[in-house]
Amino acid sequence: MRAAAGRRCALRMSRGEAPFSGRAGTAAWVLAAAVLITASGAPLGLDPQEFLEKYGYLHNDHHIHNTAEARSAIRDFQWLSHLPITGELDGATLRQMAEPRCGVSDEGSQWIWSQRVKVIFTGGRRPQHRGRRSASQGEKWSKRHLTYQVVNWPQHLSRGSVRLAVQAAFQLWSNVSGLVFQEAPEGPADIRLTFYEGDHNDGASNAFDGPGGTLAHAFLPRRGEAHFDMAERWTLNGHKGHNLFMVTAHEVGHTLGLEHSPVRHALMSPYYRKLGRSLVLSWDDIVAVQQLYGKPLSNRPVRLPGQVLHAALQQWELAELQSQSQTAGLPLYCQGVFDAITMDQNETVLVFRGSVYWTVSADGGVSSPLPLRQRWPGLPQAIEAAAFSPLDSKWYFFKGRRTWRFTGSVLDPTFPRMSSDLGLPRHPDCAFYYAPLGHMVLFKRSRYFVFNLKLLRQEPYYPRRLTDWTGVPPGTNGALTRPDGRLYLFKDRQFWRFDPGKLQVTRDGQWAEDLSWTGCSYIPQSNNIL
Ligand SMILES: [Zn+2]
Ligand SMILES: [Zn+2]
């Protein structure tokens with residue numbers, strides 16, 4: 001750990017980059033930061049100085065930052081992030097910097113927010129902006145009817161459901177303001193949503209960074225552009241990945257002229273928020289948009305709770321899946337995303353996603369998407385891990401804090417149970433029955449758990465580190481054992497084959513192309529007689 005930190009420090013100095021402070025203590029400061037990052041488990045790629053510059057806490061104007069400036073920047077960041085204000089790069093601060101977030105700068109958010117609150121109390125007009133930010137800030141659209149366009153589409157999601165999610169994201173804002181939005185599928189549009197990978201001519205500091213980190217960014221009026229990182233695992237319905245509806249709703253806020261909010265549960269908070277049960281817009285989001293565009297014409301703002309949107313997203317997906325299955329293309333999961341996978345006693349592979357599952361029979365025939373609840377009543381949608389156990393011929397499902405066990409389609413008594421009562425982690429990555437141990441195994445990030453199915457408790461001396469499974473990466477989203485005893489692990493489009501005899505990965509590749517039993521190379525027989 002220390003060696004790595006030392007190398008990092010040496011690299012910075014040899015490149016001749018501007019050190020953070022002019023004092024002799026700089027090297028120690030950077031070193032301490034690097035050690036802390038390693039210790040707290042945050043990615044080593046994080047550079048606190050770069051972060052503070054990128055998000056507007058430090059000005060990158062070619063002068064050497066002194067310690068007072070650095071501390072002040074850290075304090076501002078801690079204030080906006082609801083951390084204890086220490087002015088130090090402590091573990092919590094570094095971890096917060098590594099959280100997935102919006103790529104738009106936080107500069108000026110604090111001042112604009114204090115002005116917004118002042119207006120609430122004085123009932124006056126929104127004050128004019130001043131100082132160096134006045135040129136770019138406080139801009140808004142002069143019209144109330146705006147058009148938008150989805151310029152290109154993310155992978156792994158159907159266009160129909162993306163279109164509906166984007167529509168709902170705009171509606172969120174029109175429900176509480178004097179704005180009206182209309183989709184313009186072609187031609188000119190006021191607001192354009194585009195997916196990009198990496199550098200996309202917005203300047204080097206706006207280049208996208210692959211999965212995690214910066215998810216998207218947008219421009220204040222009247223440029224009318226929101227950009228999304230194509231490399232993210234976008235989802236509309238599930239725990240794994242980032243919810244495209246939530247991120248779109250946030251970025252649309254920027255295109256309307258809203259800055260980041262320091263209010264913890266605000267949609268305009270810079271950090272990624274899951275779609276939960278609570279209201280999507282906070283009072284602060286609504287005040288901000290109404291100060292720019294007034295109240296809705298009906299004068300009765302409509303606020304949708306997350307639960308309602310959740311249900312809507314599910315329904316769209318199901319409708320989309322059913323219409324797709326009629327066109328007899330490859331099943332939707334073949335594009336690379338599923339929640340869980342397992343195999344039953346008949347060697348039928350089951351693939352789970354959202355509120356449905358598919359079966360792939362031993363001869364390669366794929367079913368249409370089948371509703372999860374029809375076969376396993378009471379099971380929630382978007383499960384996180386599933387495993388059929390040949391030991392007791394039971395189905396195990398895991399989601400959030402809970403574990404379900406079914407015999408056939410019947411939920412066993414006392415289930416669902418709290419996973420913690422069984423010694424299991426919440427939000428597991430995947431689960432599978434592992435014959436060499438005679439137990440079920442669950443992966444969760446860098447650790448694995450061994451679950452005794454007879455005693456319904458975790459085996460002693462576990463969890464252990466995932467490195468026991470040589471060659472298996474963390475964060476897999478599904479796993480199953482094939483009839484030949486080999487274990488297959490999946491992560492996005494990749495698979496790894498683990499050989500229990502050799503105790504290591506012996507093959508990897510793209511599962512949809514390379515593994516015919518996943519049902520993705522199956523071509524339906526044509527009935528056409530030519
Ligand atoms: Zn933002
Ligand atoms: Zn961009």
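**Note on the zinc site, a surface patch and the β14–β17 strands**

1. His200 is buried, and so is His217, where buried stands for under 20% relative accessible area, exposed for over 50% and partly exposed for what lies in between (1.4 Å probe, protein chains only). This is a predicted model, in which local features need pLDDT of at least 70 and side-chain atom pairs count only at pLDDT 80 or more, while totals for chains, interfaces and linings use all residues. Residues are numbered from 1 along each chain as its sequence is written, chains are lettered from A and ligands numbered from 1 in the order in which they are written, and side-chain values use heavy atoms, with hydrogens and water left out.

2. Both histidines belong to the zinc site, since the protein donors of the zinc ion (ligand 2) are His200 (NE2), Asp202 (OD), His217 (NE2) and His227 (ND1), at 1.8 to 2.0 Å from the ion. Donors here are N, O and S atoms within 2.8 Å of the metal (3.2 Å for Na, K and Ca), and because water is not among the atoms, sites may look incomplete.

3. The four donor atoms around the zinc ion (ligand 2) subtend angles of 97 to 114 degrees, and the arrangement is therefore tetrahedral, a label given to four donors if all angles lie between 85 and 135 degrees. Along the chain, the donors of this ion follow the spacing H-x1-D-x14-H-x9-H. The pair His200 and His217 links distant parts of the chain, 17 residues apart, with His200 in the loop between β4 (191–196) and β5 (214–218) and His217 in strand β5; strands (E, at least two residues) and helices (H or I, at least four) are DSSP runs, numbered from the N terminus.

4. Phe121, which is found in helix α6 (residues 109–122), is exposed, with a relative accessible area of 68%.

5. Strand β14 (residues 394–399) runs antiparallel to strand β15 (residues 402–407), and five bridges join them; two strands pair if DSSP finds at least two bridges between them. The bridge partner of Lys399 in β15 is Arg402. These strands form a hairpin with two residues between them, and Gly400 in the turn has a positive phi of about 55 degrees.

6. Strand β15 is also joined by two bridges to strand β16 (residues 410–411), in an antiparallel arrangement, with Leu411 in β16 as the bridge partner of Phe406. Here, too, β15 and β16 form a hairpin with two residues between them, and Gly408 in the turn has a positive phi of about 60 degrees.

7. Two bridges join β15 to strand β17 (residues 417–418), again antiparallel, and Arg402 stands opposite Met418 in β17.

Terms used
Tetrahedral: all angles 85-135°; square planar, octahedral: opposite > 155°, others 65-115°.
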